[in-house]
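Got your viewer ready? Load the model, keep the selection tool handy, and follow along stop by stop.

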Amino acid sequence: MRILTAHLLPALALGTALLTSLPARATDATVARGLIVTLKAPSDGGRESPQATRERLRAVAADAGLGGAQAPMPVGPGAHLLPFAAPLTGTAVQDAERRVRLNPQVASVEPDVRLKRLATPNDPYYTDGIQWHLRTPAEGGAAALNLPPAWERTRGSAAQVVAVVDSGALYGHPDLAGKLLPGYDLISDLDTSNDGDGRDPDASDPGDWITSSEAGSGRYPLCPAEDSSWHGSFIAGEIAAATHNGVGVAGVGWDTRVQPVRVSGKCGAWLSDVVEGIRWAAGLPVSGVPTNPTPARVINVSFGGSSSCNSAYQTAIDDAGAAGSLVVVAAGNENGALTRPADCAGVLAVGAARQDGLKTYYSSYGPNVGIMAPGGPGAADTGPRLYSTSNAGLRGPGEHIYDSKDGTSFASPLAAGVAALMLSVNPALTPAQLISRIQSGARPFPSSAAYPTCRVGMPASSACNCTRETCGPGLLDAEGALRLALSPSAVIAPIGSVPAGSTVTLDGRGSAAVAGASIASYQWSQVSGSPVGIRDAGAPVASVSLPDARGDWVFRLLVTDSEGRAADNYVTVSTFGGDVDEGGGTTGPAWGAGLWALALGALWHRRTRRRTAATS
């Protein structure tokens, strides 16, 4: 009986591997005055005099070629600073650190780097505290994204594109100047488009108002009268408003670029247009439309529906993922179970938290929520809202302004922006790895005795205390996600099903480390299946000869980079033909326990992979 399939295991295993990854230092902290060293205990187990410790430290320094340094200086109860003769920078610091680490008497070593003040945008809405959600939790509240320390690692990259599949964008807004790529208008219905034509290269937003005479008419059945929303422009500003320019608001990614993909107009969007918008954003072919010249690695979709995921949505999401694009979606505002596309497999579904970290009264919820992020309190609650770029025009565009909104539609782009920051430091991350790292770096949920606990199937009419079963793994933390993004990527070429008795190649050459590091070691091992030998288990490419029987085998690749950071991944090989393997794969209690653990892990993964999107 087959327990696992090849496409389930990588994301399942990666989250566990990240828990043991070593934390990374800020990439721009390159000036060091020495090394902070902790020695191992003396080999005889006895207590060591301060003089003996100093002598050992001097010997370590001499062996590492750090002669001429000053006397070691205590740092805390067990560590000492070995000063350099003069401050070192860049690779010279790394080389000195490696030489000291190789000494068998050293337990730990790290550079004594100069710390900078945290990056602080000068945009008025940020400096005045109105954009509370971008600050550290100590400054902005329990749900704040913790962006200042993340910005010390990276402020994004113009090479990373986030597609906003929405209502288009206001290209003339001063806080979006230079941040918007040419997109595309994929609205196929003239009544919806409101711009007089069908699909074309103009992704600007003409407005999506519905007049009182249009409301509920034959052209717009069930549509209420409403003013223009400028929905896509608000989301674009959240992700990548021009930051540190002394104007308006700050964005998650100072240097990130946004690609507007217009699918929504008067009265919303048609499912077929949204699906095609996802495909076009990922660089996939769309009939009658030129291929996207700048495919997006992150795609934000803040639309939803009332039914479960369908094949059209799932196929588009699967194809986008195969092309390397993460689809981030809003969880929904129905205070109930997730619906499409938020319940589709392979997406990151983002729920909305209030400033205090509790689930908002409106956010949809359940075990398939991928992460919780700030969404504002909503009209029936109190607390600060989210501010971003907008327009004063009630119908067509008017004066460019800033406005406040609430909803999971506006929590989702915050997670999309963090994903783009992660890709700026590690472009090799796959969609599954982005999700795993975001979830592994999440902060725990707070709790308030004044509110009930969120319960699946029992919606509360107020905010409620999140649990893992109702709100996913925790609150989005940009610094935690960035720290884990610096881990290497363990990438295994897919294998799938092969004839029984085959010799198969385990290929990990696609594995990569972040810039400034390299893959230092590879280690292949077997996780399940009848025992087989792995040839060249310590090489990037290994091989195994499988028995002449039907079955499943799972192999693990552990990669470690030159900085000591590790990550792993798994691949499943299934055989067909040959004799029936009555033994089920392997024998013995340890192998049986391993198979049961993998089976339970697969069931958990099937539940939690259903990350999805919802409407504002």
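Start by selecting Cys-223 and Cys-267 and showing their side chains: the two form a disulfide, with their sulfur atoms 1.6 Å apart. Cys-223 sits in the loop between helix 7 (190-193) and helix 8, while Cys-267 sits in the loop between strand 8 (264-265) and strand 9 (268-269), so the bond ties together parts that are 44 residues apart in sequence. Put a dihedral on the S-S bond and you should read -90°, a left-handed link. Now switch on a surface. Cys-223 is buried at 7% relative accessibility, whereas Cys-267 is partly exposed at 33%.

Before moving on, a word about what you're looking at. This is a predicted model, with 616 residues, of which 54% count as buried. Colour by secondary structure and you'll have 15 helices and 22 strands to browse. If you like contact maps, try this: among contacts between residues at least 6 apart in sequence, 72% join residues at least 24 apart.

**Helix 8**

Next, select residues 231-240, which make up helix 8. How many of the residues of helix 8 are buried? The count is 10 of 10, so the helix is largely enclosed by the rest of the structure. The buried set includes Glu-238 and His-231, along with Phe-234, Ile-235 and Ile-239. To see what surrounds the helix, add its packing partners to the selection. On the strand side these are strand 5 (161-166), strand 7 (257-262), strand 10 (298-301), strand 14 (386-391) and strand 15 (400-405). Helix 11 (408-425) packs against those buried residues as well.

**Helices 9 and 10**

Now pick residues 271-281 for helix 9 and residues 311-322 for helix 10; their axes come within 9 Å and cross at roughly 10°. That crossing angle makes helix 9 roughly parallel to helix 10. Show side chains where they meet: helix 9 brings Leu-271, Val-274, Val-275, Ile-278 and Arg-279. Facing them from helix 10 are Ala-312, Tyr-313, Thr-315, Ala-316, Asp-319 and Ala-320.

**Lys-359**

Centre the view on Lys-359, in the loop between strand 12 (348-353) and strand 13 (371-374). Is Lys-359 buried or exposed? Its relative accessible area is 1%, so Lys-359 counts as buried. Where does the polar end of the side chain go? A polar atom of the Lys-359 side chain lies 2.7 Å from the backbone oxygen of Ser-363.

Expand the selection to contacts, skipping neighbours within four places in sequence. Lys-359 touches Asn-335, Ala-352, Tyr-365, Met-372 and Ala-463, and also four cysteines to keep on screen: Cys-454, Cys-464, Cys-466 and Cys-471. Take Cys-471 as one example of reach along the chain: it is 112 residues from Lys-359 in sequence, yet their C-alpha atoms are 7.7 Å apart.

**The cysteines next to it**

Keep those cysteines selected. Cys-454 and Cys-464 are joined by a disulfide, S to S 1.9 Å. Both Cys-454 and Cys-464 lie in the loop between helix 12 (431-440) and helix 13 (468-471), 10 residues apart. The torsion about their S-S bond is about 100°, so this disulfide is right-handed. Cys-454 is buried at 4% relative accessibility, and Cys-464 is buried at 2%.

The other pair is Cys-466 and Cys-471, with an S to S distance of 2.2 Å. Here the torsion is about -75°, so the link is left-handed. Check the surface again: Cys-466 comes out buried at 10%, and Cys-471 is buried at 0%.

Want the whole set? The structure holds 4 disulfides. Count the bonded cysteines along the chain and the pairing pattern is 1-2, 3-4, 5-6, 7-8.

**A three-stranded sheet**

For the last stop, select strands 17, 19 and 20. They form an open sheet of 3 strands in the order 17-20-19, with antiparallel pairing. Strand 17 (503-507) and strand 19 (534-535) are at the edges with a single partner strand each, so one side of each has no neighbour in the sheet. Zoom in on strand 17 and strand 20 (residues 541-545), which pair in the antiparallel sense over 5 bridges. To trace one of these bridges, click Thr-503: its partner in strand 20 is Ser-545.

Notes
Residues numbered from 1 in each chain as written. Predicted model: local features only at pLDDT ≥ 70, side-chain atom pairs only at ≥ 80, totals over all residues. Heavy atoms only, no water. Buried < 20%, exposed > 50% of the residue type's maximum accessible area, 1.4 Å probe, protein only. Helix = DSSP H or I, 4+ residues; strand = E, 2+ residues; numbered from the N terminus. Contact = heavy atoms within 4.5 Å. Pairing = 2+ DSSP bridges. Polar contact = N/O pair within 3.5 Å; in protein donor to acceptor, adjacent residues only side chain to side chain. Disulfide = S-S within 2.5 Å. Axes fitted to C-alpha atoms, helices over the stretch in contact; angles between N-to-C directions. Parallel < 35°, antiparallel > 145°, perpendicular 65-115°, else oblique.
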